Amino acid sequence: MGDILFLAHRVPFPPNRGDTIRSANLLRKLAGIAPVHVGCFSEGNEQQADLDELASLSSTHLVVRRSKPLVLAGAEAVLSGKPVSLTAFQSPKFAKWVRDTIASRDIETVVVFSGQMGQYVPEGFAGRLVIDLCDVDSAKFQNYAEAGDRVWLNEREGRLLALEEERLARRADATILISDHEADLFRSRLQFPSMASIHVVGNGIDAHVFDPSKAEVQEDISLRNGPHFVFTGQMDYPPNEAAALWAAEHFLPVARERFAQAEFHIVGRAPTKPLLALEGTPGLTIWGEVPDVRPFLASATCVIAPLQIARGVQNKVLEAMAMARPVVVTPQAATGIAAHDGKQWLLAKADARQMVEKIAPVIEDQSRAKALGASARQFVLDHHGWDAMLAPLETLVRGSREGDRNAA
């Protein structure tokens, strides 16, 4: 086949957050199928080794520094009638590079990672188009609005993104979602679902990296009595921030009623001002960015994922399960992972007392905790390795023009 053009809204390296973990593994898979030309945006915190890895996987590449202030992107969005998510990633330089690459290279397939990048596919491109939306962004912004967060702005963003998602789904030869739940949600929001070819490609985990036998414990945690509850993630991401705030303000006090020395650890880069304002709360530690999350997972008595707004599959949950830790998830955090309550994890609503009651028997019975963790790791090995998850990608990229529209 001809070459592949891969467009991503962030440099895929380092793969240290949900979207870059997925895009990095997609890129590695694509590079094994055909020569790949990569265009992506930089946030300016990449190291040279990250750019070297990008270069090693691509025949040609362009990295554009995204420096447009959000306020300016918002003003442009209002004036143009477009979503802020699109105007924030508008770049004439990037658009020209895409056009020139398609004109000068044997580009047979364009693979778009994240809906913001669909705007760069030229209308006249006659090749194959595969779009990995991951999850339904428009629904996420509507969830924010329904939760009372910047209601007018988020309602507008959700409405306009839904129109863009519909346009992309009609245009694409294949539209990828991260789970059956997201795919069903996406279909339900399309005006003409029969015009879209929708496929599911789930998230994977590198269980050789997230291996409890290879991880050191975090001594600062392991030397204290606990129990220790750990929550990981990018902490300026609103759903993670909201979950961490809820756990600090509601879950931790109830946990300390049951276990006097219980501690809650918030682990992840860019903790927000509301989170930092909680420093000094008894039993709470905000670690911020750490070089390696595995020691914190290895030291956890229990990993919690008390998300109340979530889209797609949560890598943080799979990582904790791969590390053989007991994991407690809300229904939102459980989306797209077919584990069973009481067997591979514990499922509880975001109700502090209910969650503590669910966790307590596991904390008090170490044999039960070990069995739950071992079952969680085996589940990840069996169902969520990257090779298994990305197996459908080559067929979607190579495609057969006939029949794809019936795949949904």
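Let's start from the outside: the chain's accessible surface comes to about 17500 Å², and carbon and sulfur atoms account for 51% of that. Keep in mind that this is a predicted model. Under that surface, 56% of the 408 residues count as buried, meaning that each has under 20% relative accessible area.

As for overall build, the chain has 17 helices and 13 strands. Its radius of gyration is 22 Å, close to the 22 Å that the globule rule gives for 408 residues, so the chain is as compact as a globular protein of that length. Taken along the principal axes, the box filled by the C-alpha atoms is roughly 65 × 45 × 45 Å. Contacts across the sequence matter in the count too: take the contacts with a separation of 6 or more, and 69% of them link residues 24 or more positions apart.

Now to the sheet. Seven strands make up an open sheet with parallel pairing, and their order reads 3-2-1-4-5-6-7. Why do strand 3 and strand 7 each have one side without a neighbour in the sheet? Strand 3 (60–65) and strand 7 (198–200) stand at the edges, and each has a single partner strand, so one side of each is left open in that sense. From one strand to the next, the twist averages 20°.

Further in, strand 1 (residues 3–8) runs parallel to strand 4 (residues 107–113), and 6 bridges join the two. If you want one residue pair to look for, take phenylalanine 6: its bridge partner in strand 4 is valine 111.

Helices pack on this sheet as well. Helix 2 (residues 48–57) touches strand 2 (36–42) and strand 3, and its direction makes about 145° with that of strand 3. Helix 8 (residues 180–189) also packs on the sheet, where it touches strand 5 (128–134), strand 6 (174–177) and strand 7. The angle between the directions of helix 8 and strand 7 is about 165°.

Helix 3 (residues 70–80) is a nice one to look at residue by residue. Which of its residues are buried? They are Ala73, Gly74 and Ala77. These three cover an arc of only 100° around the axis, which puts them on the same side of helix 3. Val71 and Leu79, on the other side of helix 3, are exposed. As for the cover over the buried residues, it includes helix 4 (84–87) and helix 7 (151–171). Just after helix 3 comes glycine 81, with a positive phi near 75°.

Definitions and conventions:
Residues are numbered from 1 along each chain as its sequence is written. This is a predicted model: local features need pLDDT of at least 70, side-chain atom pairs count only at pLDDT 80 or more; totals for chains, interfaces and linings use all residues. Side-chain values use heavy atoms; hydrogens and water are left out. Two strands pair if DSSP finds at least two bridges between them. Helices (H or I, at least four residues) and strands (E, at least two) are DSSP runs, numbered from the N terminus. Axes are lines fitted to C-alpha atoms, for helices over the stretch in contact, and angles run from 0 to 180 degrees between N-to-C directions. Contact means heavy atoms within 4.5 Å. The radius of gyration is taken over C-alpha atoms; the globule rule is 2.2 Å times the number of residues to the power 0.38. Buried means under 20% relative accessible area, exposed over 50%, partly exposed in between (1.4 Å probe, protein chains only). Accessible areas come from the Shrake-Rupley method with a 1.4 Å probe; for residues, only the protein chains shown count as cover. The arc is that of the directions from the helix axis to the C-beta atoms.
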